[in-house]
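Trainee: I'm new to this one. Can we walk through it together?

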2 protein chains.
Amino acid sequence: MEYTSVDPPALVSQLDMPLEKTKPRTRIQKQNIAAIMDAALEVFSANGFRGSTLDQISQAAGISKPNLLYYFNSKQAIHVQLLSELLDVWLAPLREMDPQGDAQVELMAYVRRKLELSRNFPRESRLFANEIVQGAPRIEGFLKNDLKSLLDEQAKVIRTWMDDGKLARLDPYHLIFSIWAMTQHYADFDAQIRMVRADQITDSHDGAEEFVESVFRKILAP
Amino acid sequence: MEYTSVDPPALVSQLDMPLEKTKPRTRIQKQNIAAIMDAALEVFSANGFRGSTLDQISQAAGISKPNLLYYFNSKQAIHVQLLSELLDVWLAPLREMDPQGDAQVELMAYVRRKLELSRNFPRESRLFANEIVQGAPRIEGFLKNDLKSLLDEQAKVIRTWMDDGKLARLDPYHLIFSIWAMTQHYADFDAQIRMVRADQITDSHDGAEEFVESVFRKILAP
DNA sequence: AAAAAATTTTACCATTCGGTAAAGTTCAGC
DNA sequence: GCTGAACTTTACCGAATGGTAAAATTTTTT
């Protein structure tokens, strides 16, 4: 499994996670842990947790399997680390939606931020998609607590916007789901889009931003 | 792994696929092959190909592993069989879109058929999603040939509808992708929707049909 | 430059996994 | 109710997989 992604940088490359508790990472640790996280992202996002092997990850990271296990105690540990870093970033765009701002502007900005994530961090998106499609057993807590509270909160905000006549009257939950669906689709189903348009485009996201934005402008119009 | 799905029936339950070439399936064969296909659908859709084991499948089918391998020569063979039956069905709704019909009516009917598949055959949808998210290595031929030709064809039809002023002028490919995204989302990301709305709804598809239909009515309006 | 700490390699191991051989059992047609 | 075919079970096997022990090497600190 070859991968040489440097641009855009992996979401997870500059982490500093303790090997034990709060030791001050050496040069070699930083380097190897970053390589492992990037390799793990590559492998897990392409094969899911059960479908990925430590051999694949260690090979992609350019180190031996026992050496990899010197930095992380288990396959699970790598996966947990990867997800926990991702989830914060995944939540950010929704969190940034400002109740004080203009309804249209805020929601369109949210759509745009999600489209950016989809374009710049497709592996992260697929890592997440793999988890969800397979029943989300390892991020149940995140979904039921963190994401749920934030979603409920922002759904309320959207509802007040609608009450004020700033937006079309729609179910706020389904509205957000539809944003998730349409933005993530280009990253998660990238393979399908590329294969089905092989002769017409090289960039699977080609035209996606304009299309999705124009569609949501229409949907949101009061 | 328990599963007792009888309603709706699995898309694959009434198949008659030859063990060798064209033998006339016995009673026991029909029964066991159907059980295997249903079990395989359950397991593969929940874990992906590499993440699934023959032990899981044989246990879910209620037979021993060697007995399972009496009916299918390999894990691959089960998976191929499952996918090849699914793909026909998956293509049908798009194929049914009639160039002679009314643009709005035809496209809205397409949306409705896709929503029905999502609601009635979520496992099949997730089986497909698993394949695509992981790079679609086993259905490349289908995507590049069958799906691509049909998509190109129907994109042309949509374009003539737009030229005739029956629809808003949009990129037909992105329009179809958006239908795929929004309809399949409810099946593929079912786990997320359920967890995030655990206290509010029991049916993850609750309100989805109305929402998606109303959104596409808006999008399509000239 | 010696000692201590951190890192890497070598050589394993137990379990799981996909798959096979062959004996045993059940079933359908006569 | 006998016979051949269909089906099922038992007992395996080799490869892959997650993981460990401990020796060997490199790096950092003193």
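Here are a few questions and answers about a predicted model.

Trainee: Is D152(B) buried or exposed?
Mentor: Start with where it sits: D152(B) belongs to helix α7 of chain B, residues 140–163. Its relative accessible area is 18%. Buried means under 20%, so D152(B) counts as buried.

Trainee: With which side chain does the side chain of D152(B) make a polar contact?
Mentor: Let's set one group apart before answering. Leaving aside neighbours within four places in sequence, D152(B) is in contact with Q200(A) and Y173(B). The polar contact of its side chain, at 2.5 Å, is with the side chain of K148(B).

Trainee: Which residue has a side-chain N or O atom 2.8 Å from a base nitrogen of DNA strand C?
Mentor: Let's go through the pairs. S52(B) has a polar backbone atom 3.1 Å from a phosphate oxygen of the strand, and K75(B) has a backbone N or O atom 2.8 Å from a phosphate oxygen. The side chain that pairs with a base nitrogen at 2.8 Å belongs to K65(B).

Trainee: How many charged residues are on the surface near DNA strand C?
Mentor: In total, 19 residues surround the strand, and T26(A), Q29(A), Y71(A), L54(B) and K75(B) are the closest. That surface divides into seven nonpolar and eight polar residues, and the charged ones number four.

Trainee: What percentage of the DNA strand C atoms within 4 Å of the protein belong to sugar or phosphate?
Mentor: Those atoms split between sugar or phosphate on one side and bases on the other. The bases make up the rest, and the sugar or phosphate part is 62%.

Conventions. Residues numbered from 1 in each chain as written. Chains lettered and ligands numbered in written order. Predicted model: local features only at pLDDT ≥ 70, side-chain atom pairs only at ≥ 80, totals over all residues. Heavy atoms only, no water. Helix = DSSP H or I, 4+ residues; strand = E, 2+ residues; numbered from the N terminus. Buried < 20%, exposed > 50% of the residue type's maximum accessible area, 1.4 Å probe, protein only. Polar contact = N/O pair within 3.5 Å; in protein donor to acceptor, adjacent residues only side chain to side chain. Contact = heavy atoms within 4.5 Å. Near = heavy atom within 4 Å. Nonpolar A, V, L, I, M, F, W, Y, C, P; charged D, E, K, R; others polar.
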